[in-house]
Amino acid sequence: MTSDKLQIVLDTAEQVPLSPQDQAGYRADWQRLVNDDGFLRVLQGERLCTVPESYYDADILQAAYRLEARHGFFKKSARIIGEVIGMGELTVSDSFIEYRVRHLIQEGALTYSGELDAMRNYSISLVDASTSEEQWSHEQRLAKIVKLKSLLHEMMEINIAESGFMEELRQLDAEGLGASVSSNQETVTTSIQSQIEDFMSSYHHHQEQRISLMGSLEKVLTQIDETAPIE
């Protein structure tokens with residue numbers, strides 16, 4: 001908050017007397033924040049905390065993935081930034097989020113097309129690291145982790161949707177569809193029922209493989225979280 005806006009708050013806010021204990025608490029909290037000497041602070045619960053500048057980088061990369069700014073497809077930078085602020089209900093300015101977008105471009109986690117003179121004049125897309133793993137920047141590694149988490153989330157949603165669909169299909173009674181009875185109709189009905197049974201059998205094997213893969217991905221992400229360096 002700029003000093004002129006702060007003065008408006010001070011002039012218009014209702015004055016509430018504070019006890020000596022409350023005053024001491026606020027002074028101690030202020031001193032804590034000063035000692036942190038940080039650039040970015042966010043509310044975590046009801047506590048104002050100093051966080052790294054990269055605090056919203058994962059949100060930016062997730063927004064790019066969610067809006068399908070990947071595999072060579074570009075989305076306007078302003079669209080991605082708006083998605084980050086809107087989905088997270090952030091109180092930071094769009095200029096700060098764009099500052100991090102430019103940083104991610106510089107570090108090779110995002111690529112762009114257009115001119116970087118204003119957010120409306122360029123588009124961005126996720127990129128895969130082309131260098132060896134040992135040379136990946138922190139931002140490139142973060143982009144891959146975000147992609148992995150997004151893929152796992154999409155697989156979970158597919159699994160839930162398919163499970164409901166397959167249950168409905170399992171309960172389908174081809175013989176009770178209300179069609180007129182004829183030798184030809186009986187042949188069609190038998191064929192449908194047989195196809196359903198074959199499909200169900202192959203699906204169960206596919207579902208087991210998917211669940212196994214999701215479990216492996218979850219273990220990888222857990223290991224990444226446990227070994228990630230503290231910024």
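A helix here is a DSSP run of H or I that is at least four residues long, numbered from the N terminus. Keep that in mind as you click around, and remember that this model is predicted.

**Stop 1: a serine in a helix.** Select residues 77–88. That's helix α4, and Ser-77 lies in it. Is Ser-77 buried or exposed? Its relative accessibility is 0%, and buried means under 20%, so Ser-77 counts as buried. Now show what surrounds Ser-77. Skipping its neighbours within four places in sequence, you'll find it in contact with Val-101, Met-119, Tyr-122, Ser-123 and Ile-124.

**Stop 2: a hairpin.** Next, select residues 40–44 (strand β1) and residues 47–51 (strand β2); they pair in the antiparallel sense, over five bridges. To see one pairing, pick Val-42: its bridge partner in β2 is Cys-49. Then look at the turn. Two residues sit between the strands of this hairpin, and Gly-45 in the turn has a positive phi of about 70 degrees.

**Stop 3: two helices packing.** Two packed helices are described by the angle between their axes and the distance between the axes. Select helix α3 (residues 57–66) and helix α6 (residues 138–170): their angle is about 50 degrees, and their axes are 9 Å apart. That makes α3 and α6 oblique to each other. As you rotate the view, look for the right-handed crossing where α3 passes α6.

Which residues of α3 make the contact? Light up Asp-57, Ala-58, Leu-61, Gln-62 and Tyr-65. On the α6 side, try a few, including Leu-142, Val-146 and Glu-154. Colour the contact by type and you get seven nonpolar, two polar and four charged residues.

How values were computed
Residues are numbered from 1 along each chain as its sequence is written. This is a predicted model: local features need pLDDT of at least 70, side-chain atom pairs count only at pLDDT 80 or more; totals for chains, interfaces and linings use all residues. Side-chain values use heavy atoms; hydrogens and water are left out. Axes are lines fitted to C-alpha atoms, for helices over the stretch in contact, and angles run from 0 to 180 degrees between N-to-C directions. Angles under 35 degrees count as roughly parallel, over 145 as roughly antiparallel, 65 to 115 as roughly perpendicular and the rest as oblique. A crossing is left-handed if the near helix is turned anticlockwise from the far one by less than a right angle, and right-handed if clockwise. Contact means heavy atoms within 4.5 Å. Ala, Val, Leu, Ile, Met, Phe, Trp, Tyr, Cys and Pro count as nonpolar, Asp, Glu, Lys and Arg as charged, and the others, Gly among them, as polar. Two strands pair if DSSP finds at least two bridges between them. Buried means under 20% relative accessible area, exposed over 50%, partly exposed in between (1.4 Å probe, protein chains only).
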